Amino acid sequence: MVKISLSFACGVLLAMLMNRHLAAGTDTAYMLCSGLLLSSIGCMAALATGRGRAGIQSMAAAFFAGAFCFLSRSICACSDSPALFQGALSAFSAAIDNAGFASEQTPALLKALLCGDRSALDRETIAAFRDSGASHILALSGLHLGVIYLIAGKALSIIGNSKAAKTARSATTVILCGFYAAMTGASPSIVRAFLFILLREILWLFPGRKAGDEGIYCTALTVQLALDPLVISSPGFQLSYMAMAGIYLIFPVLSGLYPDLPSDKGRAAAHRGPRAQLAFAGAMKKIWDAAAMSISCQMFTAPLAWIYFRSFPPFFLITNLISLPLCEALIVCGLASLALPFLAPATDLLARALIFCISVISGL
């Protein structure tokens, strides 16, 4: 109990130091916070190599719980972001502008998708997204943070699969996602997605304990409302949780309507059989699941969207089947282009393809 209490206190202390230095806007704030974060990750990784698994997991969970309890209220309740978050967002936006994209639409679209800044998008593009039912793509949500989460997990997989490496990877991923959520303004849907990520990572530290999707859903809902009860009146909050309710309740039913694919043994037995048929069945299953996901979300969010916006996109299924994969590919390729400039032409192509498809659908 002493170790857990000390770990929780260290988390609260770290969050307090970060908050004070970020609010002060000093030049040393970034280095101080980075050092503390890296030192904490290193200490936990080192401890994980010489202590019992259960004890280290409890300490890590308590540490993040303490830090989250202090930081989350500041992130969710403050209207003005600390200086570091504002500076990071400005630097990120400038990096997109200076990435050398040939098309003027590419940085404007990337800033809308990654920074929540639509100011550079022309009115025709915004209207096309609205009329086609793709406005949710331009609004920062769990979709965008989910892509960031997956990218971070894949990028950090190079450190290995030891217990220490997994703990460090989990901690770093949570910190990166939390920083991104705070940097982009911590909208209700982004906070919801971050809570889901945080809870899943904490549960990963306790492999003996199982919690279903409904447990994570209810816990995140309770925590977010406890942090900011007024958020319940936000359309973004309501639509985000209603969409997840549709995914949890309706998607498994719709997905199960499609015939199951052969198991691994079945594929091995059919090794000499028609491989093209297996590949086609797998592709159709993915398309069916994507359609089922879109329908599940729409069934729960359409009534609210009609109440708030008096609109219903008739081609939402076509829009989501085409735009969501393009959007995810654009985010991944766009982020990669910031470090690898030779990928800029591919990013330009994806951006033009997304805008073209949205424009065609909006004109139907």
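**Close-up views of aromatic pairs and helix packing**

Phe-196, Tyr-217, Phe-237, Tyr-241 and Tyr-248 come together as one aromatic cluster. Please keep in mind, for this view and those below, that the model is predicted.

**View 1. Tyr-217 and Tyr-248 meet edge-to-face.** A search through the whole structure turns up five aromatic pairs. In one of them, the ring centres of Tyr-217 and Tyr-248 lie 5.9 Å apart, and the ring planes stand at 75°; planes over 60 degrees apart count as edge-to-face, so this pair earns that label. Distant parts of the chain are linked here: Tyr-217 sits in helix H11 (residues 213-227) and Tyr-248 in helix H12 (residues 235-249), 31 residues apart. Tyr-217 has 14% relative accessibility and therefore counts as buried.

**View 2. Tyr-258 and Trp-288 form a tilted pair.** Here the ring centres are 6.0 Å apart and the planes make an angle of 40°, so the pair is classed as tilted. Tyr-258 belongs to the loop between helix H13 (251-256) and helix H14 (264-269), while Trp-288 lies in helix H15 (residues 275-309), 30 residues apart. Is Tyr-258 buried or exposed? With 18% relative accessibility, Tyr-258 counts as buried. Trp-288, at a relative accessible area of 34%, is partly exposed.

**View 3. Helices H16 and H17 pack roughly antiparallel.** The axes of H16 (residues 316-339) and H17 (residues 344-362) approach to within 9 Å and cross at roughly 160°. Angles over 145 degrees count as roughly antiparallel, which is why the two helices are described that way. Their crossing is left-handed. On the H16 side, the contact residues include Ile-318, Ile-322, Leu-326, Leu-330 and Cys-333; on the H17 side, among them are Ala-346, Leu-350, Leu-354, Cys-357 and Ile-361. Sorted by class, the contact of H16 with H17 holds 16 nonpolar and five polar residues, with no charged ones.

**View 4. Helix H8 crosses H16 obliquely.** How far apart are the axes of H8 and H16? The axes of H8 (residues 142-156) and H16 are 11 Å apart, and the helices pack at an angle of about 50°. H8 is therefore oblique to H16, and the crossing is right-handed. From H8, Leu-143, His-144, Val-147, Ile-148 and Ile-151 meet Leu-324, Cys-327, Glu-328, Ile-331, Val-332 and Leu-335 of H16. The contact of H8 with H16 comprises nine nonpolar residues, one polar and one charged. Cys-327 is worth a second look: this H16 residue takes part in the contact with H8 and also in the contact with H17.

Note on methods. Residues numbered from 1 in each chain as written. Predicted model: local features only at pLDDT ≥ 70, side-chain atom pairs only at ≥ 80, totals over all residues. Heavy atoms only, no water. Axes fitted to C-alpha atoms, helices over the stretch in contact; angles between N-to-C directions. Helix = DSSP H or I, 4+ residues; strand = E, 2+ residues; numbered from the N terminus. Parallel < 35°, antiparallel > 145°, perpendicular 65-115°, else oblique. Left-handed = near helix turned anticlockwise from the far one by under 90°. Contact = heavy atoms within 4.5 Å. Nonpolar A, V, L, I, M, F, W, Y, C, P; charged D, E, K, R; others polar. Phe/Tyr/Trp six-rings, centres within 6.5 Å; stacked < 30°, edge-to-face > 60°. Buried < 20%, exposed > 50% of the residue type's maximum accessible area, 1.4 Å probe, protein only.
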